[in-house]
Amino acid sequence: MKISTRGRYGLRLLVDIVENGGNGPVALSTVAKRQNLSEKYLQQVALLLTRGGFLNSVKGSGGGYLLKDRAEQILIYNVLDLLEGSISFQEEDAEKESPIERIIRLHFYAQLDQEIARVFESLTLADVCKADWFTYEI
Amino acid sequence: MKLSTKGRYSLQTLVHLATCKENCSIRKISEATGISSGYLEQLMIPLRRAQLVVAERGVNGGYRLARSGITCHDVLVASEGDFHPAPCKECEKNGLCKTHQIWSLLQHTVIEFAKDVYIEDLASHLVESGTGGGI
């Protein structure tokens, strides 16, 4: 089980924008420095987040990115679903599946998807930006 | 987000073995799951090491489950290793990064859920649906 680089960078970008966007748009070059991430890669992720309706892009000098909605209204589940393509554990190609695959999908992956949706249901970007709401050693 | 091929195939292998009353050869597991024999041999190495399956040689040799009560979590730990959703351990910001909490919540959710799903229960659904392999 792996979250893609896009998923990880995308969330770090959003958190950085919340924490540094108090005085207007946040330039990706400053995010890249603070987070020690590639600016080129951040541009791709920012474009995806803009198209997905999470960010607004402001052109010109002093330009950058702003959250489209308030952080309290942005659900982490929806962001991950966009960045990861899908947050589901189920295979897309259900037609070709064997009887064993079908049973595992129905009784494990589909129910795991529901559990993740339940756990993440109300978790917002604002919650994540608050310090230490949740910690497990990983 | 998906489990690795190794993890998914290992689950299928164990569910099939749970439907078998006797030792099951690699060839038979391959027929039931569609996984190639060569790949199955590789999957068995960590599963044997984790003492989830046992192999017997001889005419009626083959693989069987080592014990009852094996969970999906047991299988995934054996096949996928640590299954961290993000490589936070190598990250210099570990402990400071707020997104880290999302990945640990995700990991925790998957682990706790997988601990409650038993291979034998999955196998009994398979038998009920009339498509049980080895019985």
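This report describes the two chains of a predicted model, their internal packing and the contact between them.

**Overall composition**

Chain A contains 6 helices and 2 strands, and its elements follow the order α-α-α-β-β-α-α-α from the N terminus. Chain B likewise comes to 6 helices and 2 strands, and from its N terminus the elements run α-α-α-β-β-α-α-α. Along the principal axes, the C-alpha atoms of chain A fill a box of roughly 60 × 30 × 25 Å. The table sets out burial and contact range for each chain.

| Chain | Residues | Share counted as buried | Share of contacts (separation of 6 or more) made by residues 24 or more positions apart |
|---|---|---|---|
| Chain A | 138 residues | 31% buried | 60% of contacts |
| Chain B | 135 residues | 41% buried | 65% of contacts |

**Helix packing in chain A**

Two packed helices are described by the angle between their axes and by the distance between those axes. In chain A, helix α1 (residues 5-20) packs with helix α4 (residues 76-83) at an angle of about 140°, and their axes are 9 Å apart. That angle makes α1(A) oblique to α4(A). The crossing of α1(A) and α4(A) is right-handed. On the α1(A) side, the residues that meet α4(A) are A:R6, A:G7, A:G10, A:L11 and A:L14. Their counterparts in α4(A) are A:V79, A:L80 and A:L83. Classified by residue type, the contact of α1(A) with α4(A) has 5 nonpolar, 2 polar and 1 charged residues.

**The hairpin of chain B**

Strand β1 (residues 53-56) and strand β2 (residues 62-65) of chain B run antiparallel and are joined by 4 bridges. Within this pairing, B:A55 stands opposite B:Y63 in β2(B). The hairpin of β1(B) and β2(B) has 5 residues between the strands, and B:G58 in this hairpin takes a positive phi near 105°. In a regular strand, the side chains alternate between the two faces of the sheet.

**The surroundings of B:G7**

B:G7 is found in helix α1 (residues 5-19) of chain B. B:G7 counts as buried because 21 other C-beta atoms lie within 10 Å, and the cut-off for a buried residue is 20 or more. Although B:G7 and B:V75 are 68 residues apart in sequence, their C-alpha atoms are 7.5 Å apart in space. Leaving aside neighbours within four places in sequence, B:G7 is in contact with B:L76, B:S79 and B:E80.

**The contact between the chains**

Between the two chains, 35 residues of chain B are in contact with 30 residues of chain A. On the side of chain B that touches chain A, at least two residues each are supplied by α1, α2 (26-33), α4 (72-80), α5 (100-114) and α6 (119-128) of chain B. Helix α5(B) provides the largest share of that side, 10 residues. By class, the side of chain B that touches chain A has 18 nonpolar, 14 polar and 3 charged residues. Helix α1(B), which holds B:G7, is thus also among the helices of chain B that supply residues to the side touching chain A.

Conventions: Residues are numbered from 1 along each chain as its sequence is written. Chains are lettered from A and ligands numbered from 1 in the order in which they are written. This is a predicted model: local features need pLDDT of at least 70, side-chain atom pairs count only at pLDDT 80 or more; totals for chains, interfaces and linings use all residues. Axes are lines fitted to C-alpha atoms, for helices over the stretch in contact, and angles run from 0 to 180 degrees between N-to-C directions. Angles under 35 degrees count as roughly parallel, over 145 as roughly antiparallel, 65 to 115 as roughly perpendicular and the rest as oblique. A crossing is left-handed if the near helix is turned anticlockwise from the far one by less than a right angle, and right-handed if clockwise. Two residues are in contact if their C-beta atoms, placed from the backbone, lie within 7 Å. Ala, Val, Leu, Ile, Met, Phe, Trp, Tyr, Cys and Pro count as nonpolar, Asp, Glu, Lys and Arg as charged, and the others, Gly among them, as polar. Two strands pair if DSSP finds at least two bridges between them. A residue is buried if 20 or more other C-beta atoms lie within 10 Å of its own, exposed if 12 or fewer, and partly exposed in between; C-beta atoms are placed from the backbone.
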